[in-house]
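Look at the sequence and the model shown below. The paragraphs after them go from one residue to its strand, and from there to the rest of the chain.

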Amino acid sequence: MATLTVWKFDTAGGADRAETVLEHLSKEQLITVEDAAVVSWPTERKSPKTRQLHSLAGAGALGGAFWGFLFGLLFFVPLFGLAIGAAAGAIGGALTDVGIDDSFIASVKARIQPGTSALFVLSTDAVVDKVLAEFAELKPELIQSNLTSEQESHLREIFHSA
């Protein structure tokens with residue numbers, strides 16, 4: 001079963017530092033990173049910067065379509081026109097089937113604001129106590145949504161063709 005985890009940091013650079021920790025944990029085989037992305041929102045910017053962590057993504061990575069759509073739902077939906085909004089609603093409904101529901105979206109959206117950052121990780125096989133201990137020094141807020149194997153497979157199907 002994969003876990004989609006969001007680590008929120010109180011600084012715009014916190015997620016970048018967490019990326020280094022995640023890379024170390026992955027090399028130590030304390031977590032298997034299937035895919036990951038960073039959102040950084042400096043206070044002087046109107047919207048956050050996003051990037052996929054290709055160096056950590058596993059063979060089953062969801063890819064840019066997934067992260068782009070998720071980040072669009074979280075941060076850019078008000079900028080979309082009605083037609084795109086309707087399509088987003090249809091795909092957004094499909095995300096509910098894979099464990100990413102409106103409450104998860106609302107929770108993340110409310111927490112990631114200017115001056116903060118977040119590390120989004122789709123992972124398996126985490127040694128949870130060791131991962132939490134490594135991240136504790138960075139003082140993140142943990143937001144988490146567990147995905148079953150079936151939900152993960154469905155999520156990959158949704159974004160594989162995109």
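A residue counts as buried when its relative accessible area is under 20%, as exposed when that value is over 50%, and as partly exposed in between. Thr124 has a relative accessibility of 12%, so Thr124 is buried. The model in which this value was computed is a predicted one. Thr124 belongs to strand E4, which covers residues 116-124. Its side chain makes a polar contact with the side chain of Glu34, at 3.1 Å.

What about the rest of the strand? E4 is mostly covered, with nine of its nine residues buried. In a regular strand the side chains alternate between the two faces of the sheet. In E4, one side holds Thr116, Ala118, Phe120, Leu122 and Thr124, and the other holds Ser117, Leu119, Val121 and Ser123. The residues on both of these sides are buried, so both faces of the strand are covered.

Which strands pair with E4? Strand E1, residues 3-9, runs antiparallel to E4 and is joined to it by seven bridges. Within E4, Leu122 stands opposite Leu4. Strand E2, residues 32-41, is also paired with E4 in the antiparallel sense, over nine bridges. Here Thr116 of E4 is the bridge partner of Trp41.

After E4 the chain passes through a loop to helix H5, and Asp125 lies in this loop. Most residues other than glycine have a negative phi. Asp125 is not a glycine, yet its phi is positive, near 55°. Is Asp125 buried or exposed? Its relative accessibility is 61%, which is over the 50% cut-off, so Asp125 is exposed. Gln29 also has a positive phi, about 60°, without being a glycine. Gln29 sits in the loop between helix H1 (14-27) and E2. With a relative accessible area of 68%, Gln29 is exposed.

Helix H5 spans residues 128-136 and contains Leu132. Leu132 has a relative accessible area of 37%; this value falls between the two cut-offs, and therefore Leu132 is partly exposed. Together with Val128 and Leu142, Leu132 forms a nonpolar patch on the surface, and the accessible area of the three comes to about 240 Å².

Glu134 is found in H5 too. Because its relative accessible area is 33%, Glu134 is classed as partly exposed. Which residues does Glu134 touch, not counting those up to four places away in sequence? They are Val21, His24 and Leu25. His24 is 110 residues from Glu134 along the chain, but the C-alpha atoms of the two are separated by 9.6 Å.

Now consider the whole chain. Its secondary structure consists of six helices and five strands. Starting at the N terminus, these elements follow the order β-α-β-β-α-α-α-β-α-β-α. Among contacts with a separation of 6 or more, 82% are between residues 24 or more positions apart. Of the 162 residues, 46% count as buried. The chain has an accessible surface of about 8100 Å², and carbon and sulfur atoms account for 54% of that surface.

Note on methods: Residues are numbered from 1 along each chain as its sequence is written. This is a predicted model: local features need pLDDT of at least 70, side-chain atom pairs count only at pLDDT 80 or more; totals for chains, interfaces and linings use all residues. Side-chain values use heavy atoms; hydrogens and water are left out. Patches are made of residues with over 30% relative accessible area and no salt bridge: like charges are joined within 9 Å, nonpolar side chains (Val, Leu, Ile, Met, Phe, Trp, Tyr) within 5 Å. Accessible areas come from the Shrake-Rupley method with a 1.4 Å probe; for residues, only the protein chains shown count as cover. A salt bridge is a side-chain nitrogen of Lys or Arg within 4 Å of a carboxyl oxygen of Asp or Glu. Helices (H or I, at least four residues) and strands (E, at least two) are DSSP runs, numbered from the N terminus. Buried means under 20% relative accessible area, exposed over 50%, partly exposed in between (1.4 Å probe, protein chains only). A polar contact is a pair of N or O atoms within 3.5 Å; within protein, one must be able to donate a hydrogen and the other to accept it, and residues adjacent in sequence count only if both atoms are side-chain atoms. Contact means heavy atoms within 4.5 Å. Two strands pair if DSSP finds at least two bridges between them.
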